Amino acid sequence: MRKCPICNKGNLENVSDITLEIEGYIFIVKGERCTSCNEEFPHQEEAQRTISVARRLGVWPESLKLYRHLSKSGGGLVFRIPSDLEKQLKLSEKTEIAISKVGNKIVIEAG
Ligand SMILES: [Zn+2]
């Protein structure tokens, strides 16, 4: 069993009742849940499926977490913005981005 990367105490259990609420739509997906802090990790393919359903409904899953790897470029780490978000927020290379650290989270705001 995998240890929870959030609290480092609990184990991740397979569950099939993770509830994702996206703009009033409820999606039930499979994934893993921490036995200690109850953090939920939807399976990648389930998350992708949910995203495409949400997209068809015309909503972007605001509350849905996307797990991505950073890539290395020019000695720094690069985070690629999902193209849906790029379109929805009308981002371009001229967009000014504000990055702040909130606890152990990174918040990216497009100006
Ligand atoms: Zn945990």
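Which residue in β2 does Asn14 stand opposite? In this predicted model, the residue facing Asn14 is Glu32 of β2. The pair belongs to a longer ladder, in which β1 and β2, the latter spanning residues 25–34, run antiparallel and are joined over nine bridges.

That ladder is part of an open sheet of three strands, ordered β1-β2-β3 and paired in the antiparallel sense. Its edges are β1, residues 12–22, and β3, residues 40–42, each of which pairs on one side only. From one strand to the next, the twist averages 45 degrees. As background, the strands of a sheet pair through backbone hydrogen bonds, and the pairing may be parallel or antiparallel.

A helix accompanies this sheet. Helix α1, made of residues 44–56, lies across β1, β2 and β3. Relative to β2, α1 runs at about 165 degrees.

The protein as a whole contains two helices and seven strands. Read from the N terminus, the elements follow the order β-β-β-α-β-β-α-β-β. The domain assignment divides the protein into domain 1, residues 1–65, and domain 2, residues 71–110. Between the C-alpha centres of domain 1 and domain 2 the distance is 22 Å.

The end of the chain order brings in a hairpin. Strand β6, residues 97–102, and strand β7, residues 105–110, pair in the antiparallel sense over six bridges. One bridge pair consists of Ile99 and its partner in β7, Ile108. Two residues lie between the strands of this hairpin, and Gly103 there takes a positive phi near 60 degrees.

How many of the six residues of strand β6 are buried? The number is zero, so β6 lies largely in the open. Here a residue counts as buried if 20 or more other C-beta atoms lie within 10 Å of its own C-beta. By that criterion, buried residues account for 10% of the 111 residues in the protein.

Two further values describe the overall arrangement. Along the principal axes, the C-alpha atoms of the protein fill a box of roughly 45 × 35 × 20 Å. Among contacts between residues at least 6 apart in sequence, 34% join residues at least 24 apart.

Terms used. Residues numbered from 1 in each chain as written. Predicted model: local features only at pLDDT ≥ 70, side-chain atom pairs only at ≥ 80, totals over all residues. Pairing = 2+ DSSP bridges. Helix = DSSP H or I, 4+ residues; strand = E, 2+ residues; numbered from the N terminus. Axes fitted to C-alpha atoms, helices over the stretch in contact; angles between N-to-C directions. Contact = placed C-beta atoms within 7 Å. Buried ≥ 20, exposed ≤ 12 C-beta atoms within 10 Å, placed from the backbone. Domains from an automatic or database assignment.
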